[in-house]
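Here are my notes after a pass through this one, in the order I'd raise them over coffee. Have the structure open as you read.

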Amino acid sequence: MNRFFPNTLILFVSSLFLDADVVSEKKWFSETPQNHADLNAIQDRLRLILSEAKKSLVAIESDDGAGSGVIVSEDGLVLTAAHVIGKTGKKMKVRLPNGKSLPAVSLGGSEISDAGMLKITKKGKWPHVQIEKMNSSKVGDWCFAIGHPGGFDKERGIIVRLGRVIGKTEDTLQSDSRLLGGDSGGPLFNLDGKVIAIHSRISKEPDQNFHVPIECFHINWDFYREGQLLTFDKLEEKGFLGVSCEATKDGLMILNVVEGSSAQKIGLQKNDILYSLDGEKLDSREELTILISGKKPNEAVTIEYHRGEKQLSLRVVLGERPTE
Amino acid sequence: MKILNQIILILLSTLPVHAYTDLNNSELLIASDRLNGSSIQNAFGSSKEVAIQATVRLLRNNKLIALGSIVHPSGYVITKASSCVGAREAETFDGEKYSLKIKKRYEETDLAIYKLETDKNSFQVIDWDVDCNTSEGSWVFAAHSNLEEIRIGVTSGLPRKIGREGGVMGVLLTTDTSKVKGVKISEVVPQAAAYRAGLLEGDIITEVDNRRVKNQDSLIKIIGKKDPGDVVRIEVNRKDEIRKFLVTLGHRSVTFDLFNRNLQMSGPVSKRKDNFEMIIQHDLPIGKESMGGPLFNLDGKCIGINIARVDRVSTYALPAYLPSKVIAPFLEKLP
């Protein structure tokens with residue numbers, strides 16, 4: 001025992017030092033480079049993780065279009081954009097970087113955030129990457145986009161574009177990595193090699209493109225995985241509460257109450273913070289939309305909320321979405 | 001014309017406008033700290049200054065049409081030949097203007113050598129690095145066309161040959177099933193080659209350059225062997241009347257731009273972006289008027305000449321070994 005003790009201690013101490021080194025040398029992660037050494041650190045890091053990241057990229061092909069996606073589990077779960085899958089249960093094809101084509105089926109997603117999922121239906125152990133944890137990516141992080149801009153092209157290969165996260169909200173992440181049609185659904189990585197977002201829409205300004213933050217997938221993972229797709233069309237037929245919100249750390253803060261809606265009739269007010277619906281904790285606006293859209297008009301839901309210091313609860317009968 | 005369908009099918013975001021999120025409420029990264037912001041440009045240090053000094057603006061009627069790369073201290077520059085037709089004047093970073101004379105043109109690489117008309121013999125020249133590691137994800141930069149800033153990005157994709165595209169008429173075809181032999185035009189691209197020659201939708205192409213065409217493939221084969229600018233004789237059957245036309249073929253990229261939403265979003269692209277022996281690709285945000293200028297690595301060494309703006313995310317550069325080899329015999333003869 002005595003002989004082991006010093007060894008263990010030394011290991012423990014040295015690992016502490018290692019950690020400290022890693023932290024101080026992670027200058028490539030989110031710092032603004034000052035000189036060639038800093039720029040080289042970013043370049044070396046990118047080169048180091050790029051080849052692994054590329055292995056998990058797929059081109060997605062269906063009858064009516066082409067996009068990109070990224071494999072995130074060994075059994076072939078693919079994250080992409082909702083506008084790439086279109087609808088659930090659709091037979092699609094995904095193409096690995098080596099050109100090999102595999103059968104797949106579309107699962108769920110949301111037209112609101114543009115998050116989408118599909119699954120490779122052939123059995124196998126597919127190359128996959130890790131996704132970043134909730135609330136980890138932030139403005140200023142270095143990132144890189146990969147995808148098949150303009151469609152799959154084996155001779156050209158996968159195209160990488162470096163950039164930084166320039167803005168982030170609950171349901172949109174913006175970067176200055178450049179995108180083009182065909183990139184849709186492809187992954188945005190941080191320099192830890194983890195997926196932080198999925199390419200969604202290009203902006204008129206080439207350096208302000210839009211991505212679906214990975215948080216949108218985390219929050220509604222099971223819903224999407226089970227093949228539920230939230231569409232604007234569906235929302236029209238579903239129940240309607242009548243609030244617009246902003247996510248805060250305590251819950252969803254009401255920014256606005258729609259005139260004549262159920263929310264107004266029952267007395268919900270601006271700045272009330274909604275924290276659960278039928279017992280489910282509310283983390284994002286999209287989650288609220290999904291829960292409400294699971295109900296029909298005239299169905300009732302129980303909402304718990306804070307108003308100032310007070311904790312309140314009420315039961316509200318949903319109305320119909322007003323037609324514009 | 002199969003490629004056209006593929007191009008149209010490329011999926012683009014069609015989300016309704018109300019799906020756009022207002023990011024005004026969130027903290028945005030300040031412009032100077034973004035990839036092409038001033039802070040990052042400054043991190044390139046003296047490489048940046050040298051790059052700007054070794055690049056020139058090439059003008060026609062006072063309008064920028066291309067950039068040039070200074071390859072000799074007495075004011076010889078190389079540039080993209082097909083972008084530079086009619087260039088009369090060059091402007092350097094210090095605002096000095098010089099008249100220009102073309103000295104040599106290299107068709108294969110689409111390069112041309114020009115001379116700045118002056119006795120000055122102290123221009124900053126590019127420093128070729130023919131053995132540089134340009135593997136994917138390497139920093140690259142080029143002078144902005146204002147010769148004040150630089151534009152930054154990384155290399156991407158595989159170094160490769162870009163094949164020839166051939167000329168196009170600008171028509172969509174269907175093989176006619178009626179008893180008339182030939183290939184029917186189902187659509188004429190507005191303003192393109194066939195349109196200007198007077199061909200119409202519904203015309204059945206029966207002969208090209210006195211050769212019978214039976215189906216789409218044989219027609220595409222004959223036309224595909226020609227270059228943009230070549231003239232072909234087309235014989236068509238128009239409502240049982242034989243008519244003859246001369247069609248001057250166009251560039252594929254230009255002809256089908258109308259149909260290509262990716263290119264619509266990309267802004268103007270280079271006319272010639274095909275038929276290069278070898279290219280490296282990068283994502284610098286530069287326009288087609290920046291072609292012909294040098295591409296640098298972090299150390300300020302010239303690793304290529306920008307030769308074609310392809311789309312919003314892609315520019316091709318000839319790797320340094322190619323242009324330096326092509327112009328070496330010319331430079332050796334200089335005093």
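1. A definition before anything else: I call two residues in contact when their C-beta atoms, placed from the backbone, lie within 7 Å. With that in hand, take the contacts in chain A between residues at least 6 apart in sequence: 60% of them join residues at least 24 apart. Do keep in mind that this is a predicted model.

2. Chain A in outline. Its secondary structure comes to nine helices and 21 strands. The C-alpha atoms fill a box of roughly 65 × 60 × 45 Å along the principal axes. Of the 324 residues in chain A, 48% are buried.

3. Domains of chain A. The chain is split into domain 1 (27-230) and domain 2 (231-320), and the C-alpha centres of the two lie 31 Å apart. Each side puts residues into the contact: 12 from domain 1 and 12 from domain 2. On the domain 1 side, α5 (214-219) and β13 (229-230) of chain A each supply at least two residues. By class, that side of domain 1 has six nonpolar, three polar and three charged residues.

4. The A/B interface. Here 54 residues of chain A are in contact with 45 residues of chain B. On the chain A side, at least two residues come from each of α3 (36-55), β2 (65-71), α4 (82-85), β8 (159-168) and β11 (195-201). The largest share belongs to β8(A), with nine residues. Sorted by class, the chain A side has 18 nonpolar, 22 polar and 14 charged residues.

5. A barrel in chain A. Six strands close up in the order β7-β8-β9-β12-β11-β10, with antiparallel pairing, and the twist averages 45° from one strand to the next. Within this barrel, β7 (residues 142-147) and β10 (residues 187-190) of chain A pair in the antiparallel sense over three bridges. If you want a spot to look at, C143(A) stands opposite N190(A) in β10(A). Helix α3(A) packs on the sheet, touching β7, β8 and β10 of chain A, and its direction makes about 35° with that of β7(A). Both α3(A) and β8(A) also turned up in the interface with chain B.

6. Strand β3 of chain A (residues 77-81). How many of its five residues are buried? Five of the five. In a regular strand, side chains alternate between the two faces of the sheet. In β3(A), L77(A), L79(A) and A81(A) point one way while V78(A) and T80(A) point the other, and all are buried.

7. Partners of β3(A). With β2(A) the pairing is antiparallel over two bridges, and V70(A) stands opposite L79(A). The two strands form a hairpin with five residues between them, and G76(A) in the turn has a positive phi of about 95°. With β6 (residues 115-120) of chain A, β3(A) pairs in the antiparallel sense over five bridges; there A81(A) stands opposite A115(A).

8. The loop residue D250(A). You'll find D250(A) between β15 (243-247) and β16 (252-257) of chain A. Is D250(A) buried or exposed? Exposed, because 11 other C-beta atoms lie within 10 Å, and a residue counts as exposed at 12 or fewer. Leaving aside neighbours within four places in sequence, D250(A) is in contact with I273(A), Y275(A) and H306(A). D250(A) and Y305(A) are 55 residues apart in sequence and 9.8 Å apart in space, C-alpha to C-alpha.

9. Over to chain B. A closed barrel of six strands runs β1-β2-β3-β6-β5-β4, with antiparallel pairing, and the twist averages 45° from one strand to the next. In this barrel, β1 (residues 55-60) and β2 of chain B pair in the antiparallel sense over six bridges, with R60(B) opposite K63(B) in β2(B). Helix α8(B) packs on the sheet, touching β2, β3, β5 (97-106) and β6 of chain B, and its direction makes about 45° with that of β6(B).

10. A check on α8(B) itself. At 1.5 Å a residue, the 12 residues of this helix (residues 321-332) should span 16 Å, and the end C-alpha atoms are 16 Å apart, so the two agree. Buried in α8(B) are L322(B), P323(B), S324(B) and I327(B). The cover over these buried residues includes β2 (63-72), β3 (76-80), β6 (111-116), β17 (276-282), β19 (302-311) and β20 (314-319) of chain B.

Definitions and conventions
Residues are numbered from 1 along each chain as its sequence is written. Chains are lettered from A and ligands numbered from 1 in the order in which they are written. This is a predicted model: local features need pLDDT of at least 70, side-chain atom pairs count only at pLDDT 80 or more; totals for chains, interfaces and linings use all residues. Helices (H or I, at least four residues) and strands (E, at least two) are DSSP runs, numbered from the N terminus. Ala, Val, Leu, Ile, Met, Phe, Trp, Tyr, Cys and Pro count as nonpolar, Asp, Glu, Lys and Arg as charged, and the others, Gly among them, as polar. A residue is buried if 20 or more other C-beta atoms lie within 10 Å of its own, exposed if 12 or fewer, and partly exposed in between; C-beta atoms are placed from the backbone. The expected span of a helix is 1.5 Å times one less than its number of residues. Domain bounds come from an automatic or database domain assignment. Two strands pair if DSSP finds at least two bridges between them. Axes are lines fitted to C-alpha atoms, for helices over the stretch in contact, and angles run from 0 to 180 degrees between N-to-C directions.
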